[in-house]
Amino acid sequence: MTAHEEAGQEVEVSVNAGIANLCGHSANHFSFGVIEAGIDFSNIDEDDIEPPILGILGGYNIQLPAPQLTSCRIEYITQYDGSFTLCGTNWDTVRQLAQYEAMAHFVAEAKENGILARAQEEARYVVENFVSGLTGRPVRAEFTKQETELPLPQSCQSIIPSGWVKDENGAWRRE
């Protein structure tokens, strides 16, 4: 019961390197990723389920946890149009920087496109229909309001290669 979003992303990575940027280089990348969201059923306990009054009137009220991102992955990334340079260049590091940028973009875009709202509606539909089908009673599922943003799962936290930072112009450089 997860909502998911697939997206492609063009990423250009520029690297400032060497004295006066004499060893600067860049490459374009295309990446394809998948972001998934859902609810954590392990956060539901018996206090979150309100049965019908005296077992004979009305239906069930169920309090569900807020939806959250559950999984992120870059399924494909390719590098093309690398710039010419006379300096030694680690193109794999450039690809890793592009993967970091692509993941951050995918996560932000999925949230902007309403992946959490879709996950909530899918969860509501499944839970209400499942419990109603089992009990023969109406069911109303509501969601806990999330006051603060939940931490991203580890798979959604892309890692910047060690020692790299972005400069004021948006290019990468080694610290």
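In this predicted model, a salt bridge links R73 and E36, whose closest N and O atoms are 3.8 Å apart. R73 belongs to strand β5 (residues 68–80) and E36 to strand β2 (residues 25–38), so the contact ties together parts of the chain that are 37 residues apart in sequence. Given that a salt bridge here requires a side-chain nitrogen of Lys or Arg within 4 Å of a carboxyl oxygen of Asp or Glu, the 3.8 Å between R73 and E36 meets the criterion. Neither partner is buried: R73 is partly exposed at 32% relative accessibility, and E36 is partly exposed as well, with a relative accessible area of 21%. For a reader weighing that last value, it helps to recall that buried means under 20%.

The R73–E36 pair is one of seven salt bridges in the structure. Another joins R95 to D92, with 2.9 Å between the closest N and O atoms. Here both residues sit in helix α1 (residues 91–112), three residues apart, which is about one turn of the helix. R95 has a relative accessible area of 22% and counts as partly exposed; D92, at 39%, is also partly exposed.

A further salt bridge is formed by E142 and R140, and its closest N and O atoms lie 2.1 Å apart. Both residues are partly exposed, E142 with a relative accessible area of 34% and R140 with one of 44%. Elsewhere, salt bridges with shared partners join E36, R73 and E75 into one network, which places the R73–E36 pair described at the outset in a wider set of charged contacts.

Turning to the strands, an open sheet is built from three of them in the order β3-β4-β6, and its pairing is mixed. The edges are taken by β3 and β6, each of which has a single partner strand, so one side of each is left without a neighbour in the sheet. As a general point, strands of a sheet pair through backbone hydrogen bonds, in either a parallel or an antiparallel fashion. Both arrangements appear here. Strand β3 (residues 49–50) runs antiparallel to strand β4 (residues 60–64), and two bridges join them. Between β4 and strand β6 (residues 139–143) there are five bridges, and these two strands run parallel.

One residue of β4 gives a handy view across the sheet. I62 stands opposite I49 on the antiparallel side, while its bridge partner in β6 is A141. Helix α2 (residues 115–135) then lies across β4 and β6, running at about 150° to β6.

Helix α2 also features in the description of open space. Rolling a probe the size of a water molecule over the atoms shows where empty space is left. The largest pocket holds about 180 Å³ of space. It is lined by 13 residues, of which P67, Q68, L69, L116 and L150 are the closest to its centre. Two elements, β5 and α2, give two or more residues to this lining, and α2 gives the most, with three residues. Strand β5 thus appears twice in this account: R73 of β5 takes part in the tie to β2, and β5 contributes to the lining of the largest pocket. Helix α2, for its part, both lies across β4 and β6 and helps to line that pocket.

Conventions: Residues are numbered from 1 along each chain as its sequence is written. This is a predicted model: local features need pLDDT of at least 70, side-chain atom pairs count only at pLDDT 80 or more; totals for chains, interfaces and linings use all residues. Side-chain values use heavy atoms; hydrogens and water are left out. Two strands pair if DSSP finds at least two bridges between them. Helices (H or I, at least four residues) and strands (E, at least two) are DSSP runs, numbered from the N terminus. Buried means under 20% relative accessible area, exposed over 50%, partly exposed in between (1.4 Å probe, protein chains only). Contact means heavy atoms within 4.5 Å. Axes are lines fitted to C-alpha atoms, for helices over the stretch in contact, and angles run from 0 to 180 degrees between N-to-C directions. On a 1 Å grid over the protein atoms alone, a cavity is a set of points where a 1.4 Å probe fits but cannot get out, and a pocket is an open set with protein on both sides within 12 Å along at least five of seven lines; lining residues have an atom within 4 Å of a point. Grid points are joined across faces, edges and corners, and a volume is the space filled by probe spheres set on the points.
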